[in-house]
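Good morning, everyone. I will take a few minutes to walk through one model, part by part. Please have the sequence and the picture in view.

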Amino acid sequence: MTATTGTLADEVWRLMTAQGILFAVDAPIRQTLQNLVEFFVARWQRDPESVRAELEAALAADDRFTREEVNGQVIFVTSRQGRYVPRDTTDTHTFKQRLYEPEKPLPIDDLSVVVSTSRPAITTVEPVYISDYWIEQARLIAAAKAAEQAPVTEEPAPVAAASERAPVIAEQPVVEAVPPVDAEPAQVAPVIAETAEVIAEPVVVAEPVEAAPAPAQSVSAERSTILVVDGMAIDLSRSPAEIVAKYGPALERILAERLEQDPLRRIVSFGRMHYPEASLISFGKNDLRKIRDYILERNEPLLDTEIIADLYYHNPRQSDYEGFRFSLNYRLSREKDFEFVGVEGANVWSTKGLPAIGSKRVKAAEMGQLTAYLIEGFDDSLADQSVESIVTSGSVTRLLTFFEWEFGVLPLDAALAALLPKPVFPDQRSAVLRFESPQHFSTYLVEVRYPTGNRGGWLQGLEDFFREHLVPGALITISRSEAVNVFTITYEEASETTGRLLTLDEKKNKFAFANMTFYCAVDEDLLPEQNRYGKLRNLKAFPMGERRKAEMILEHVCETMGERGGSREQPVYRVAFADIFMAYNVLRPASRSFLLALLANNPAIAPDPAAEGVYLFTPPQVETEAEVAEEEEDLPIQPALRRRSGRYIEEDE
């Protein structure tokens with residue numbers, strides 16, 4: 001079956017317009033020649049080459065079709081109204097250009113002609129917007145006046161460096177990027193303070209005073225450099241990546257300062273994210289009560305994404321999701337009943353009434369004093385692992401001491417600080433992370449308490465994991481995961497081992513040894529086994545308030561763990577440093593450098609010259625009761641209290 005040229009073109013046009021029946025009248029409808037050939041070959045049962053030739057001849061002769069070739073493929077284009085004519089998108093509107101760049105600008109001497117200095121009727125602080133055109137005109141006029149007043153010399157003056165020139169400062173307000181009025185508030189996403197797009201308030205550099213014109217290359221390089229605060233010059237001719245790498249933190253700090261100085265508070269901030277205040281979504285008291293009840297119902301701190309998904313049924317595919325999320329975090333940050341315990345990239349919220357994470361046997365104030373040695377310069381956790389290796393590998397390996405195993409805490413030393421995320425806010429007290437054990441398929445909430453003032457930091461919440469699967473001296477590894485708030489904790493497994501290890505009897509408040517079976521690899525020097533460290537049972541289980549006295553604990557450890565010598569009146573205890581470190585970490589956490597400093601500064605302790613790593617402790621003499629009574633007999637007799645008018649004199653009391 002064949003068809004004439006006109007009939008074939010009409011049939012193809014009807015076929016293509018039927019496929020684009022929902023298109024606009026002037027919208028292009030495209031179809032490949034290969035698809036058309038396959039369609040008519042199956043319909044006519046003819047040779048594809050002859051069908052192709054007829055189609056090309058018929059469509060080429062019809063004005064309703066336009067032939068295109070894309071990547072070697074022939075495509076025919078038409079529309080429902082006939083021949084497809086592309087739209088003309090040329091913008092002929094030049095009002096904006098004529099407004100900001102007039103052909104005949106008014107003559108000005110300074111910016112006072114453009115900006116009125118008269119006081120408005122309404123006493124409100126309103127920002128004044130100055131076009132870049134007028135600022136450029138004022139700069140050129142100032143440079144021309146300076147060139148006219150400068151003395152003319154025979155030789156041209158050398159071009160001064162950008163940091164040596166006297167800048168002409170244009171006083172202008174900070175102008176933030178506010179969305180247009182007709183934009184929908186819900187569709188405006190928060191802007192992260194990435195320094196690649198941060199524009200600090202520039203200080204325009206004056207043109208150098210020269211008798212002869214400088215080369216064109218120096219002028220272009222000079223105009224591409226701006227000065228910001230603190231005399232920092234930025235060369236805008238560099239790539240954005242180079243500018244961010246060199247000036248990123250400084251530009252981010254400048255942006256935060258400028259937004260904070262805005263009297264109208266048009267841009268609000270949450271961490272490193274900024275958002276227009278007018279586009280915030282409001283949350284009332286009912287919303288806050290609903291969020292608080294849901295957190296208490298879950299009985300643990302929750303992510304903002306969980307709150308949004310479970311209570312408001314929002315998902316990240318919605319256009320207003322990021323704006324809704326920012327509004328929720330900003331609103332909760334201004335409420336006293338909620339506390340931010342998240343990290344960068346995971347906004348976690350806690351509320352009053354949730355159970356405490358970790359052991360209640362150690363108070364936060366006491367633990368902060370016990371770990372204060374970390375911020376006093378006695379942190380030697382980076383002796384085996386450097387910060388670079390921790391960041392590269394994403395894991396930290398350390399040994400457990402008895403105190404850490406007993407109470408489920410870990411001091412936040414430099415090694416863990418390099419692995420764990422930093423606080424988002426300067427006044428953030430803690431962060432809640434999730435530790436997963438792939439060896440036992442269990443999950444634990446861990447609270448990271450950051451150091452503040454003269455108190456150190458620590459991790460708490462691993463008491464159950466330590467007591468169920470580990471013993472003191474075990475080797476553990478903490479590693480990052482794909483989520484910023486999730487970490488994994490593992491240990492090196494070993495064959496079954498049974499021994500009598502040190503434990504703390506809570507009822508009797510004393511140390512004792514008990515049979516324990518464990519399946520982890522341990523360090524023999526830190527394993528409190530009875531055969532090697534039998535004297536540990538004689539340690540006193542001091543209250544936590546007493547354990548913060550480092551010198552007193554050290555003397556008690558030396559007296560308990562040492563071998564007694566000397567005389568009865570003046571005993572001398574000989575103790576090895578390994579025993580001191582072992583027993584001291586039973587009562588409180590300490591590093592080796594901290595113990596060495598305590599031993600060196602204690603006048604009653606001296607190193608044994610006969611053996612390295614051994615110390616001699618000579619306790620100070622204690623006065624007997626007879627000596628005290630003899631001293632009291634030598635004291636003069638105190639006068640009796642005098643009375644005046646039946647009352648004691650206030651000084652006598």
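Which elements each supply at least two residues of the lining of the second largest pocket? They are strand β12 and helix α18, the latter covering residues 577–587. Before I go on, please note that this is a predicted model.

Let me stay with that pocket. The space in the second largest pocket comes to about 620 Å³. Its lining is made of 26 residues, and those nearest the centre are Asp380, Ser381, Asp384, Arg398 and Leu399. β12 gives four residues, which is the largest share of that lining. If you sort the lining by class, you get 13 nonpolar residues, six polar ones and seven charged ones.

Leu399 is worth following to another part of the chain. Leucine 399 and aspartate 523 are 124 residues apart in sequence, but their C-alpha atoms are 7.7 Å apart in space. Where is aspartate 523 found? It is in the loop between β20, residues 510–520, and α16, residues 544–547. Aspartate 523 counts as partly exposed because its relative accessibility is 26%, and partly exposed covers the range between under 20% for buried and over 50% for exposed.

Now the sheet that contains β12. Seven strands form an open sheet, and their order is β12-β17-β18-β14-β15-β16-β13, with mixed pairing. The two edge strands are β12, residues 395–399, and β13, residues 409–411, and each of them pairs on one side only. From one strand to the next, the twist averages 25 degrees.

Inside that order you can find β14 next to β15. Strand β14, residues 430–437, and strand β15, residues 442–449, run antiparallel and are joined by eight bridges. As an example of one bridge, phenylalanine 435 has tyrosine 444 in β15 as its partner. The loop between β14 and β15 holds phenylalanine 441. Its phi is positive, about 55 degrees, although phenylalanine 441 is not a glycine. Most residues other than glycine have a negative phi. Is phenylalanine 441 buried or exposed? It counts as exposed, because its relative accessibility is 78% and the cut-off for exposed is over 50%.

There is a second case of this kind elsewhere in the chain. Arginine 265 has a positive phi of about 55 degrees and is not a glycine either. Arginine 265 sits in the loop between α7, residues 240–261, and β7. With a relative accessible area of 33%, arginine 265 is partly exposed.

That brings us to β7 itself. Strand β7, residues 267–270, and strand β8, residues 273–276, run antiparallel, with four bridges between them. Opposite valine 268 you will find tyrosine 275 in β8. How many residues lie between β7 and β8 in their hairpin? There are two, and glycine 271 in the turn has a positive phi of about 70 degrees.

The next strand to look at is β22, residues 571–576. On its covered face are Pro571, Tyr573 and Val575, while Val572, Arg574 and Ala576 are on the uncovered one. The general background is that side chains in a regular strand alternate between the two faces of the sheet. β22 pairs antiparallel with strand β21, residues 563–566, over four bridges. In that pair, glutamate 563 has arginine 574 of β22 as its bridge partner. The hairpin from β21 to β22 goes through four residues. β22 also pairs antiparallel with strand β24, residues 614–617, again over four bridges. There, alanine 576 is matched with valine 614 in β24.

Two items remain, a helix and a cavity. Helix α5, residues 132–149, has 18 residues and reaches 26 Å from its first C-alpha to its last, close to the 26 Å expected. Its buried residues are Tyr133, Trp134, Ile135, Arg139 and Ala143.

As for cavities, a search of the whole structure finds one of 30 Å³ or more. The largest cavity has a volume of about 40 Å³. Which residues line the largest cavity? They are Ser359, Val362, Met367, Phe407, Val409, Trp458 and Gln460. By class, that lining has five nonpolar residues, two polar and no charged.

That is the end of the walk-through.

Methods
Residues numbered from 1 in each chain as written. Predicted model: local features only at pLDDT ≥ 70, side-chain atom pairs only at ≥ 80, totals over all residues. Heavy atoms only, no water. Pairing = 2+ DSSP bridges. Axes fitted to C-alpha atoms, helices over the stretch in contact; angles between N-to-C directions. 1 Å grid on protein atoms, 1.4 Å probe; cavity = no way out; pocket = protein on both sides within 12 Å on 5 of 7 lines; lining within 4 Å. Points joined across faces, edges and corners; volume = space filled by probe spheres on them. Nonpolar A, V, L, I, M, F, W, Y, C, P; charged D, E, K, R; others polar. Expected span 1.5 Å × (residues − 1). Buried < 20%, exposed > 50% of the residue type's maximum accessible area, 1.4 Å probe, protein only.
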